[in-house]
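Colleague: I have just opened this one and don't know my way around yet. Could you walk me through a few spots?

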Amino acid sequence: QVHLVESGGDSVQPGGSLRLSCAASTSTFSSYTMSWYRQAPGKDRELVAAITSVGVTTDYADSVKGRFTISRDNAKNTIYLQMNSLKPEDTAVYYCNARALWVGVGVRSYWGQGTQVTVSS
(Lines give C-alpha, C1' and ligand atoms only; values in the text may rest on other atoms or scores of the structure.)
Protein backbone atom coordinates (compact mmCIF):
# COMPACT_ATOMS: atom_id res chain seq x y z
CA GLN A 1 0.00 0.00 0.00
CA VAL A 2 1.25 3.49 -0.93
CA HIS A 3 -0.15 6.56 0.79
CA LEU A 4 -0.01 9.76 -1.27
CA VAL A 5 -0.55 13.25 0.12
CA GLU A 6 -0.87 16.24 -2.18
CA SER A 7 -0.36 19.83 -1.10
CA GLY A 8 0.09 23.27 -2.60
CA GLY A 9 -3.34 23.88 -4.07
CA ASP A 10 -4.65 27.42 -3.80
CA SER A 11 -6.61 30.19 -5.49
CA VAL A 12 -4.60 32.34 -7.88
CA GLN A 13 -5.22 34.92 -10.56
CA PRO A 14 -4.76 34.15 -14.25
CA GLY A 15 -1.11 34.31 -15.18
CA GLY A 16 -0.03 33.26 -11.71
CA SER A 17 2.02 30.28 -10.59
CA LEU A 18 1.68 27.43 -8.12
CA ARG A 19 3.79 24.46 -7.16
CA LEU A 20 2.05 21.28 -6.13
CA SER A 21 3.76 18.56 -4.11
CA CYS A 22 2.93 14.92 -3.60
CA ALA A 23 4.64 12.98 -0.84
CA ALA A 24 4.59 9.18 -0.92
CA SER A 25 4.93 6.79 1.99
CA THR A 26 6.78 3.84 0.50
CA SER A 27 10.27 2.46 0.53
CA THR A 28 9.99 1.61 -3.16
CA PHE A 29 9.12 5.09 -4.43
CA SER A 30 11.78 5.02 -7.12
CA SER A 31 10.02 2.03 -8.73
CA TYR A 32 6.86 3.98 -9.49
CA THR A 33 5.92 6.03 -12.48
CA MET A 34 4.34 9.12 -10.97
CA SER A 35 1.66 11.25 -12.54
CA TRP A 36 -0.55 14.25 -11.97
CA TYR A 37 -4.17 14.10 -13.06
CA ARG A 38 -6.89 16.69 -12.75
CA GLN A 39 -10.64 16.70 -12.70
CA ALA A 40 -12.76 19.76 -13.31
CA PRO A 41 -16.44 19.87 -12.29
CA GLY A 42 -18.55 17.86 -14.70
CA LYS A 43 -15.54 16.53 -16.59
CA ASP A 44 -13.59 13.29 -16.65
CA ARG A 45 -10.29 12.97 -14.86
CA GLU A 46 -7.46 13.69 -17.29
CA LEU A 47 -3.72 13.10 -17.31
CA VAL A 48 -1.75 16.31 -16.87
CA ALA A 49 1.85 15.10 -16.61
CA ALA A 50 3.83 11.96 -15.90
CA ILE A 51 7.41 11.12 -15.01
CA THR A 52 9.11 7.74 -15.13
CA SER A 53 10.69 6.06 -12.15
CA VAL A 54 14.15 7.51 -12.60
CA GLY A 55 12.88 10.78 -14.00
CA VAL A 56 14.38 10.35 -17.42
CA THR A 57 11.14 10.61 -19.35
CA THR A 58 8.30 13.07 -18.90
CA ASP A 59 5.03 13.47 -20.73
CA TYR A 60 2.51 16.30 -20.75
CA ALA A 61 -1.00 16.97 -21.92
CA ASP A 62 -0.99 19.31 -24.90
CA SER A 63 -2.96 21.87 -22.91
CA VAL A 64 -0.15 22.34 -20.36
CA LYS A 65 2.99 21.90 -22.47
CA GLY A 66 5.38 24.79 -22.01
CA ARG A 67 3.58 25.95 -18.85
CA PHE A 68 3.79 23.01 -16.42
CA THR A 69 6.84 21.05 -15.33
CA ILE A 70 6.79 17.74 -13.48
CA SER A 71 9.79 16.64 -11.44
CA ARG A 72 10.64 14.15 -8.73
CA ASP A 73 13.05 13.83 -5.84
CA ASN A 74 13.49 10.13 -5.08
CA ALA A 75 15.47 10.94 -1.95
CA LYS A 76 12.43 12.73 -0.54
CA ASN A 77 9.78 10.40 -1.99
CA THR A 78 8.16 13.46 -3.52
CA ILE A 79 7.02 14.71 -6.88
CA TYR A 80 6.24 18.25 -7.88
CA LEU A 81 4.19 20.06 -10.47
CA GLN A 82 5.35 23.58 -11.22
CA MET A 83 2.47 25.41 -12.86
CA ASN A 84 3.12 28.73 -14.57
CA SER A 85 0.96 31.04 -16.67
CA LEU A 86 -2.15 29.56 -15.10
CA LYS A 87 -5.44 29.92 -16.93
CA PRO A 88 -9.02 29.68 -15.67
CA GLU A 89 -9.35 26.38 -17.53
CA ASP A 90 -6.66 24.93 -15.26
CA THR A 91 -9.15 25.08 -12.40
CA ALA A 92 -9.64 21.55 -11.08
CA VAL A 93 -8.85 19.13 -8.31
CA TYR A 94 -5.34 17.81 -8.94
CA TYR A 95 -4.57 14.22 -8.02
CA CYS A 96 -1.29 12.41 -7.63
CA ASN A 97 -0.97 8.84 -8.92
CA ALA A 98 1.66 6.19 -8.36
CA ARG A 99 1.78 3.21 -10.71
CA ALA A 100 4.11 0.24 -11.02
CA LEU A 101 4.18 -3.22 -12.56
CA TRP A 102 5.42 -5.83 -10.11
CA VAL A 103 6.53 -9.22 -11.43
CA GLY A 104 4.15 -11.89 -10.25
CA VAL A 105 1.78 -9.32 -8.77
CA GLY A 106 0.67 -7.14 -11.64
CA VAL A 107 -0.03 -3.45 -11.88
CA ARG A 108 -0.51 -1.52 -8.68
CA SER A 109 -1.95 2.00 -8.82
CA TYR A 110 -2.58 4.39 -5.96
CA TRP A 111 -4.24 7.81 -5.70
CA GLY A 112 -3.97 10.74 -3.37
CA GLN A 113 -6.94 12.64 -1.99
CA GLY A 114 -6.51 15.62 -4.30
CA THR A 115 -5.76 19.31 -3.91
CA GLN A 116 -7.89 22.14 -5.28
CA VAL A 117 -6.47 24.63 -7.74
CA THR A 118 -8.67 27.60 -8.63
CA VAL A 119 -7.65 30.17 -11.22
CA SER A 120 -9.90 33.19 -11.22
CA SER A 121 -9.75 36.95 -11.33
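Modeller: A term to start with: buried means under 20% relative accessible area, exposed means over 50%, and partly exposed lies in between, using a 1.4 Å probe and protein chains only. This is a predicted model, in which local features need pLDDT of at least 70 and side-chain atom pairs count only at pLDDT 80 or more, while totals for chains, interfaces and linings use all residues. Residues are numbered from 1 along each chain as its sequence is written, and side-chain values use heavy atoms, with hydrogens and water left out.

Colleague: Okay, so which way do the side chains point along strand S11?

Modeller: They alternate along residues 115–119: Thr115, Val117 and Val119 point to one face and are buried, whereas Gln116 and Thr118 point to the other and are not buried. Strands here are DSSP runs of E with at least two residues, numbered from the N terminus.

Colleague: And which way does S2 run relative to S11, parallel or antiparallel?

Modeller: S2 (residues 11–12) runs parallel to S11, joined by two bridges, and two strands count as paired if DSSP finds at least two bridges between them. Val12 has Val119 as its bridge partner in S11. S9 and S11, by contrast, run antiparallel with three bridges, and there Val93 is partnered with Gln116.

Colleague: Switching topic, how many disulfides does the structure hold?

Modeller: It holds one disulfide, the term being used for a pair of cysteine sulfur atoms within 2.5 Å. Cys22 and Cys96 form it, with their sulfur atoms 2.1 Å apart. Cys22 lies in strand S3 (residues 18–25) and Cys96 in strand S9, so the pair ties together parts that are 74 residues apart in sequence.

Colleague: What is the handedness of that link between Cys22 and Cys96?

Modeller: The link is left-handed, with -80° about the S-S bond, and both Cys22 and Cys96 are buried.

Colleague: What about Arg38, buried or exposed?

Modeller: Arg38, in strand S4 (residues 33–39), counts as buried because its relative accessibility is 6%. Its side chain makes a polar contact of 2.7 Å with the side chain of Glu46, and another of 3.4 Å joins the side chains of Arg38 and Ser63. A polar contact is a pair of N or O atoms within 3.5 Å; within protein, one must be able to donate a hydrogen and the other to accept it, and residues adjacent in sequence count only if both atoms are side-chain atoms.

Colleague: Last one: where is Ser85?

Modeller: Ser85 is in the loop between S8 and strand S9 (92–102), and has a positive phi of about 50° although it is not a glycine.

Notes
Helices (H or I, at least four residues) and strands (E, at least two) are DSSP runs, numbered from the N terminus.
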